[in-house]
Amino acid sequence: MNRLVVAAPASGSGKTTVATGLMAALRRTGDRVAPFKVGPDYIDPGYHGLATGRPGRNLDPVMVGEHRVASLFAHGARGCDLAVVEGVMGLFDGRVDTEGIGSTAHVAKLLSAPVLFVVDARGQSRSLAALLHGFRGYDPTVRLGGVILNQVGSARHEHVLRGACAEVGLDVLGVLPRDDRFRLPSRHLGLVTAAEHGQPALDAVAAIAAAVAEHVDLAAVRRLAARVPAMAVPTWDPAAEVEPVTGSPVVAVAGGAAFTFGYAEHVELLRAAGADVVVVDPLRDRHLPDGTAGLVLPGGFPEQHAAELSANEELRAAVAAFARSGGPVHAECGGLLYLARELDGQPMCGVVDAVGSMTPRLTLGYRDAVAPVDSVLAEAGTRITGHEFHRTALSASAGSPPTGRPAWQWRGHDQRPVAEGFVLDGVHASYLHTHPASAPQAVARFARACATGSVRYEATR
């Protein structure tokens with residue numbers, strides 16, 4: 001599999017612009033492109049999906065273990081000509097307090113892939129040579145294969161920057177001028193998701209693709225991606241990870257603009273486990289699918305759609321009735337907020353007796369968690385590494401103590417124990433995002449609960 005990794009010295013250098021533009025431009029010339037993103041990010045893969053027509057996938061050694069990365073890559077790249085992997089943060093930035101675990105460099109080495117280095121050239125001239133020399137020498141096992149100069153101001157500026165790259169022996173594969181048309185819309189947790197941005201997202205990807213096609217040497221990019229060793233790894237197979245249940249239980253998975261934070265492998269594992277997966281949009285659909293035996297509420301931006309979600313009273317009532325009847329429900333982050341009594345003053349489903357609200361504080365980071373109690377996802381004592389990423393917080397409703405038992409426990413940065421989330425009958429709701437490929441047994445356990453449970457939703461219209 002021809003492959004390359006798009007990296008940068010720091011966040012904000014233009015990785016997403018270049019990676020998305022490369023994917024789309026290569027696809028336009030006939031390549032079948034497999035899109036990937038390093039780390040737990042859900043937003044960039046949405047734009048990758050628009051660019052390639054394939055699901056954007058994540059490669060996260062912290063969440064899934066480094067031994068699974070190459071196999072998951074092989075799974076996502078099947079049937080493609082070339083894979084483009086967008087990095088995360090700066091090249092060597094990984095999990096805090098580790099030596100770059102989960103960084104772009106870590107994944108590039110796991111894939112034996114060359115790095116296409118994107119540099120925001122604003123305010124730089126010959127000093128670029130020192131920057132490139134430092135990054136290339138910091139870890140010689142990471143192969144910098146070429147440079148994309150971004151935000152270049154003039155022909156003279158380009159000439160000086162090319163000279164700096166020549167000083168350290170790195171080829172310039174493209175030069176992107178300063179142009180606000182290449183910017184994607186952003187907000188409190190990064191870019192606005194592609195699903196929410198709609199047609200403007202398609203227009204932005206098209207503009208970026210045109211710019212990359214004009215200003216980047218795509219033939220040189222292909223040659224760089226082809227200079228890789230063969231990968232002798234087994235392809236990850238969801239059917240080999242879980243035992244199918246009988247009866248094809250219907251599992252409703254929330255989607256649409258408000259719930260976009262999910263991994264493609266989750267649905268693949270649910271289907272491999274025998275579930276009949278049906279997507280439901282809480283902004284539009286008034287009912288759960290007939291026969292629903294389980295409900296998955298992934299993360300997303302319900303806080304941006306709180307009024308619309310609240311206005312859909314029929315679906316809120318259906319979700320609440322299903323959960324209170326003991327139906328299996330798996331909710332993460334945005335899904336947890338949807339189950340709360342209120343979100344920023346708007347009534348939600350009321351399954352979890354808590355109130356959600358926006359805060360100025362960003363909660364961000366990996367968590368090494370343990371399940372304190374049995375639930376539809378895990379036996380007590382099960383360990384998993386997940387990720388938190390939110391600016392909302394939950395507080396007790398009307399001064400009452402939270403109901404249920406915690407979904408996860410971990411040690412905080414100060415080593416004090418943290419209890420988080422809720423387990424209520426068949427409900428497992430938490431802020432913690434988990435990657436199902438790291439714990440397929442959790443998906444299998446959930447599917448069994450759906451198949452063997454007695455709760456089935458039937459719409460009354």
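Two strands count as paired here if DSSP finds at least two bridges between them. Keep that in mind for the tour, and remember that the model you have open is a predicted one.

**Stop 1: the end of a mixed sheet**

Select Phe 422 and look across to strand E21, where Ala 429 stands opposite. You're looking at strand E20 and strand E21 (residues 427–430), which run antiparallel and are joined by three bridges. Now zoom out to the whole sheet: it's an open one of six strands, in the order E11-E10-E12-E13-E21-E20, with mixed pairing. Strand E11 (276–280) and strand E20 (422–424) are the edge strands, each pairing on one side only. On average, neighbouring strands in this sheet are turned by 15 degrees against each other, direction ignored.

Next, bring up the helices packed on this sheet. H11 touches E10, E11, E12 and E13, and its direction makes about 140 degrees with that of E11. Then add H15, which touches E10, E12 and E13 and makes about 145 degrees with the direction of E12.

**Stop 2: a cavity**

Stay with those two helices and turn on cavities. A search of the whole structure finds three of 30 Å³ or more, and the largest has a volume of about 170 Å³. To find that one, select His 330, Leu 377, Thr 434, Ala 439 and Ala 442, which lie nearest its centre among 17 lining residues. Helix H11 (264–272), strand E17 (383–396) and helix H15 (440–452) are the elements that give two or more residues to this lining. Which of them gives the most? That's H15, with four residues. Colour the lining by residue type and you'll get ten nonpolar, six polar and one charged.

**Stop 3: a pocket**

Now select Thr 260, Phe 261, Gly 262, Tyr 263 and Ala 264. These lie nearest the centre of the second largest pocket, which is lined by 34 residues and has a volume of about 800 Å³. H11 turns up again here: along with helix H2 (43–52), helix H8 (194–197), strand E10 (250–254), strand E12 (292–297) and strand E13 (329–332), it supplies at least two residues of the lining. The largest share, five residues, comes from H2. By type, the lining divides into 19 nonpolar, twelve polar and three charged.

**Stop 4: the parallel sheet**

Head over to the other sheet on this tour. Seven strands make up an open sheet with parallel pairing, in the order E3-E2-E4-E1-E5-E6-E7. Why do E3 (57–59) and E7 (172–177) each have one side without a neighbour in the sheet? They stand at the edges with a single partner strand each, so one side of each is left free of a neighbour. Neighbouring strands here are turned by 25 degrees against each other on average, direction ignored.

For a closer look, pick strand E5 (residues 115–120) and strand E6 (residues 144–152): six bridges join them, and they run parallel. Val 115 stands opposite Leu 144 of E6. Then show helix H5 (residues 104–111), which packs on the sheet and touches E1, E2, E3, E4 and E5; its direction makes about 170 degrees with that of E1.

**Stop 5: two crossing helices**

Keep H5 on screen and add helix H4 (residues 66–77). Their axes come within 9 Å and cross at roughly 65 degrees, and the crossing is right-handed. Show side chains for Glu 66, Val 69, Ala 70 and Phe 73 of H4, then His 106, Val 107, Leu 110 and Leu 111 of H5: these make the contact. Six of these residues are nonpolar, one is polar and one is charged.

Definitions and conventions
Residues are numbered from 1 along each chain as its sequence is written. This is a predicted model: local features need pLDDT of at least 70, side-chain atom pairs count only at pLDDT 80 or more; totals for chains, interfaces and linings use all residues. Side-chain values use heavy atoms; hydrogens and water are left out. Axes are lines fitted to C-alpha atoms, for helices over the stretch in contact, and angles run from 0 to 180 degrees between N-to-C directions. Contact means heavy atoms within 4.5 Å. On a 1 Å grid over the protein atoms alone, a cavity is a set of points where a 1.4 Å probe fits but cannot get out, and a pocket is an open set with protein on both sides within 12 Å along at least five of seven lines; lining residues have an atom within 4 Å of a point. Grid points are joined across faces, edges and corners, and a volume is the space filled by probe spheres set on the points. Ala, Val, Leu, Ile, Met, Phe, Trp, Tyr, Cys and Pro count as nonpolar, Asp, Glu, Lys and Arg as charged, and the others, Gly among them, as polar. A crossing is left-handed if the near helix is turned anticlockwise from the far one by less than a right angle, and right-handed if clockwise.
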